[in-house]
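I opened the notebook to keep a record of what I looked up, one topic per entry. The sequence and the model come first.

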Amino acid sequence: MLRLAQDTLIRTKRFPLSAAGGSQPPGGDDDGRSNTAIVTKVKPRTKRPNLYRVLLLNDDYTPMEFVVHVLERFFNKNREDATRIMLHVHQNGVGECGVFTYEVAETKVTQVMDFARKHQHPLQCVMEKN
Ligand code: TYC
């Protein structure tokens, strides 16, 4: 189905906009056919995507510096914010790295888990619906 943006102007062969209010008589021209175009408004259908929080979990073994590096590398945090988030997780058991759409959140979790495993740290990263 053809969808038109709400403000799309319709230019018909029978009644070009350039002639509107000008040379065409109202209702029809001399061949008796209508000059009227039916323009149906289409309701805007923008839906907000579901969002997911990506969380880091505390453990007793992963070095603090490694967690800070993870936050800088995968969540684009500067050193100050990364350190603040790491310490929050260390003290509270869990903390938020960011909020993303489903696929982005899933990718972040996989990247962090693969990176932690590669360096043999037990760091856990999870996502939860916002
Ligand atoms: N608790 C860890 C330590 O004392 C540091 C740490 C912080 C581990 C945050 C994981 O998500 C984490 N070395």
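**Entry 1: Threonine 62**

I started at threonine 62, where a polar atom of the side chain lies 3.2 Å from the backbone nitrogen of leucine 123. I note here that the model is a predicted one. I looked up the place of threonine 62 and found it in the loop between S1 and H1. Is threonine 62 buried or exposed? Its relative accessible area is 10%, and the cut-off for buried is under 20%, so I wrote down threonine 62 as buried. I then listed its contacts, leaving aside neighbours within four places in sequence, and got Val67, His121, Pro122 and Leu123. Threonine 62 also has a backbone N or O atom that lies 2.9 Å from a nitrogen atom of the ligand. That took me to the ligand.

**Entry 2: The ligand**

Which residues are around the ligand? I wrote them down in sequence order: Leu56, Leu57, Asn58, Asp59, Thr62, Met64, Val67, Met86, Val89, His90 and Leu123. I sorted this shell by residue type and got seven nonpolar residues, three polar ones and one charged one.

Next I asked which elements supply the shell. Strand S1 (51-57), helix H1 (64-75) and helix H2 (79-92) each give at least two residues. H2 has the largest share, with three residues.

I also looked up polar atoms at the ligand, apart from the backbone of threonine 62. In the side chain of asparagine 58, an N or O atom is 2.7 Å from a nitrogen atom of the ligand. In the side chain of histidine 90, an N or O atom is 2.9 Å from a nitrogen atom of the ligand. How much of the ligand does the protein cover? On its own the ligand has 350 Å² of accessible area, and the protein covers 90% of that.

**Entry 3: Aromatic rings**

I searched for aromatic pairs and the structure holds four. I followed up two of them.

One is phenylalanine 66 with phenylalanine 115: the ring centres are 5.3 Å apart and the planes are at 15°, so I noted the pair as stacked. The cut-off I needed for this was planes under 30 degrees apart. Phenylalanine 66 sits in helix H1 and phenylalanine 115 in helix H3 (residues 102-118), so this pair ties together parts 49 residues apart in sequence. Both phenylalanine 66 and phenylalanine 115 are buried.

The other is phenylalanine 74 with phenylalanine 115. Their ring centres are 5.4 Å apart and the planes are at 75°, so I noted this pair as edge-to-face; for that the planes must be over 60 degrees apart. Phenylalanine 74 is in helix H1 and phenylalanine 115 in helix H3, so I recorded another link between distant parts of the chain, 41 residues apart.

I checked burial by number too. Phenylalanine 74 has a relative accessible area of 10% and is buried. Phenylalanine 115 has a relative accessible area of 8% and is buried. I drew Phe66, Phe74 and Phe115 as a cluster, since ring pairs link them.

**Entry 4: Positive phi angles**

I looked for residues other than glycine with a positive phi. Asparagine 76 has a positive phi of about 55° and is not a glycine. Its place is in the loop between H1 and H2. Its relative accessible area is 65%; exposed means over 50%, so I put asparagine 76 down as exposed.

Glutamine 120 is another entry, with a positive phi near 60°. It is found in the loop between H3 and strand S3 (124-129). Glutamine 120 counts as exposed, at 73% relative accessibility.

**Entry 5: The whole protein**

I left the overall figures for the end. How many helices and strands are there? I counted three helices and three strands in the protein. From the N terminus on, they run β-α-α-β-α-β. The protein has 130 residues, and buried residues make up 26% of them. It exposes about 9600 Å², of which carbon and sulfur atoms supply 51%. I also looked at contacts with a separation of 6 or more: residues 24 or more positions apart account for 64% of these.

Conventions:
Residues numbered from 1 in each chain as written. Predicted model: local features only at pLDDT ≥ 70, side-chain atom pairs only at ≥ 80, totals over all residues. Heavy atoms only, no water. Helix = DSSP H or I, 4+ residues; strand = E, 2+ residues; numbered from the N terminus. Buried < 20%, exposed > 50% of the residue type's maximum accessible area, 1.4 Å probe, protein only. Contact = heavy atoms within 4.5 Å. Areas by Shrake-Rupley, 256 points an atom, 1.4 Å probe, with all protein chains shown as cover. Near = heavy atom within 4 Å. Polar contact = N/O pair within 3.5 Å; in protein donor to acceptor, adjacent residues only side chain to side chain. Nonpolar A, V, L, I, M, F, W, Y, C, P; charged D, E, K, R; others polar. Phe/Tyr/Trp six-rings, centres within 6.5 Å; stacked < 30°, edge-to-face > 60°.
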